[in-house]
Amino acid sequence: MNFNRWSTEEIRRKVDALGPWFHNLDLHGVPTAPAHFLGDYPSVKWRHFAEVVPESLAGKTVLDIGCNAGFYAMEMKRRGAERVLAIDSRDEYLAQARFAAEVSGLEIEFRNLSVYDVGRIGERFDLVIFMGVLYHLRHPLLALDLIHEHVAGDMLLFQSMQRGSDKVEPVESNYDFWTTDPFDRAVFPKLHFVEKKYADDPTNWWIPNRACAEAMLRSAGFVIVAHPELEVYLCRRGARPQDDGAVYPAQGAGT
Ligand SMILES: C[S@@+](CC[C@H](N)C(=O)[O-])C[C@H]1O[C@@H](n2cnc3c(N)ncnc32)[C@H](O)[C@@H]1O
């Protein structure tokens, strides 16, 4: 790939044409979202947890689910990942990501695919990235189950917006039918349903508190190994704690 074929002016024009951007990328001096409401995003966030991801991903495969303009996919390729597949359900973001990877000289495969369809990929990855997508889904636990069932091979890098209590307490193995107090407590795992909009975004459906985010990960079979900042977890794929939690649709490639 030869990014030199793009002049700064051409990059600027193309960035404008492909906008608006959610990821602020630096494309040879051209910022894609300089007025982002969260600042230089996601660079400012990445700085808080970059150290939990292996510095060298040489020989590793990576799947970035909900890649948007490809910030994390490109960072993983820069860390030497052998293969990076990045998926998103919106073509306009994939167009941004393809352009950003091309001008950055990074070889990444991009595909329009929903997280609900990861079974079609037919491959497990050493590292799955699932950042900033969970709360945009109407069926968040199904998505985690499908990731565990079909594509997670070893590590999962996960992030979710959280609202409510940031405390966690041990979860009991059972609650008696007449025990209702725990449900009134802010620390109980809670997934807040947004019927209309949150932050002007009608795709923010379910926002967990911290206890719920952690419980959902465990329940889907992920073992939390690092929690470098409030919203971000590095997990390893483990066994699902209950085998009666059927994954629907339990379909893989070719079904
Ligand atoms: C808030 S952005 C997060 C982008 C990036 N992962 C990050 O952490 O900066 C959410 C992304 O998830 C994508 N998305 C939403 N629903 C999806 C789905 N069902 N399958 C795949 N991607 C989805 C959106 O198109 C968007 O690019």
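**Figure 1. Surroundings of the ligand in the predicted model.** In this predicted model, the ligand is surrounded by 20 residues. Gly66, Asn68, Ser114, Met131 and Gly132 are the closest of these. By residue class, the shell around the ligand consists of 11 nonpolar, 7 polar and 2 charged residues.

**Figure 2. The open sheet and its strand order.** The sheet is built from 7 strands, is open, and has mixed pairing. Read across the sheet, the order is β5-β4-β3-β6-β7-β11-β10. Strands β5 (109–112) and β10 (222–229) form the edges, each pairing on one side only. On average, and with direction ignored, neighbouring strands of this sheet are turned by 20 degrees against each other. As a general point, the strands of a sheet pair through backbone hydrogen bonds, in either a parallel or an antiparallel manner.

**Figure 3. Strand β3 and its two partners, β4 and β6.** Strand β3 comprises residues 61–65, of which 4 of the 5 are buried, so the strand is largely enclosed by the rest of the structure. With strand β4 (residues 83–88), β3 pairs in the parallel sense over 5 bridges. Within this pair, Thr61 stands opposite Arg83 of β4. From β3 the chain passes through helix α3 (residues 71–78) to reach β4, forming a right-handed β-α-β crossover. Strand β6 (residues 125–131) also runs parallel to β3, and the two are joined by 4 bridges. Here Leu63 is found opposite Val128 of β6.

**Figure 4. Helices α3 and α4 against the strands.** Helix α3 lies across β3, β4 and β6. Its direction runs at about 180 degrees to β4. Helix α4 (residues 91–103) packs on the sheet as well, where it touches β4 and β5. The direction of α4 makes about 170 degrees with that of β5.

**Figure 5. The unit formed by β4, α4 and β5.** Strands β4 and β5 pair in the parallel sense, with 4 bridges between them. One position in this pairing is that of Ile87, whose bridge partner in β5 is Arg111. Together with helix α4, the two strands make up a β-α-β unit that is right-handed.

**Figure 6. Ala100 and its contacts.** Ala100 is located in helix α4. Is this residue buried or exposed? Ala100 has 26 C-beta neighbours inside 10 Å and therefore counts as buried. Leaving aside residues up to four places away in sequence, Ala100 touches Leu25, Leu27, Ala69, Gly70 and Met74. Of these contacts, Met74 is 26 residues from Ala100 along the chain, and the C-alpha atoms of the two are separated by 8.7 Å.

**Figure 7. Helix α7 and the elements packed against it.** Helix α7 spans residues 210–219, and because 7 of its 10 residues are buried, the helix is largely enclosed by the rest of the structure. The buried residues are Arg210, Ala211, Cys212, Ala213, Glu214, Met216 and Leu217. These residues pack against helix α5 (140–151) and against the strands β7 (152–159), β8 (191–193), β9 (206–208), β10 and β11 (232–237). Just after α7, Gly221 adopts a positive phi of about 100 degrees.

How values were computed:
Residues are numbered from 1 along each chain as its sequence is written. This is a predicted model: local features need pLDDT of at least 70, side-chain atom pairs count only at pLDDT 80 or more; totals for chains, interfaces and linings use all residues. A residue is near a molecule or strand if its C-beta atom, placed from the backbone, lies within 6 Å of it. Ala, Val, Leu, Ile, Met, Phe, Trp, Tyr, Cys and Pro count as nonpolar, Asp, Glu, Lys and Arg as charged, and the others, Gly among them, as polar. A residue is buried if 20 or more other C-beta atoms lie within 10 Å of its own, exposed if 12 or fewer, and partly exposed in between; C-beta atoms are placed from the backbone. Two strands pair if DSSP finds at least two bridges between them. A crossover is right-handed if, with the strands pointing away from the viewer, the path from the first strand over the helix to the second runs clockwise. Axes are lines fitted to C-alpha atoms, for helices over the stretch in contact, and angles run from 0 to 180 degrees between N-to-C directions. Two residues are in contact if their C-beta atoms, placed from the backbone, lie within 7 Å.
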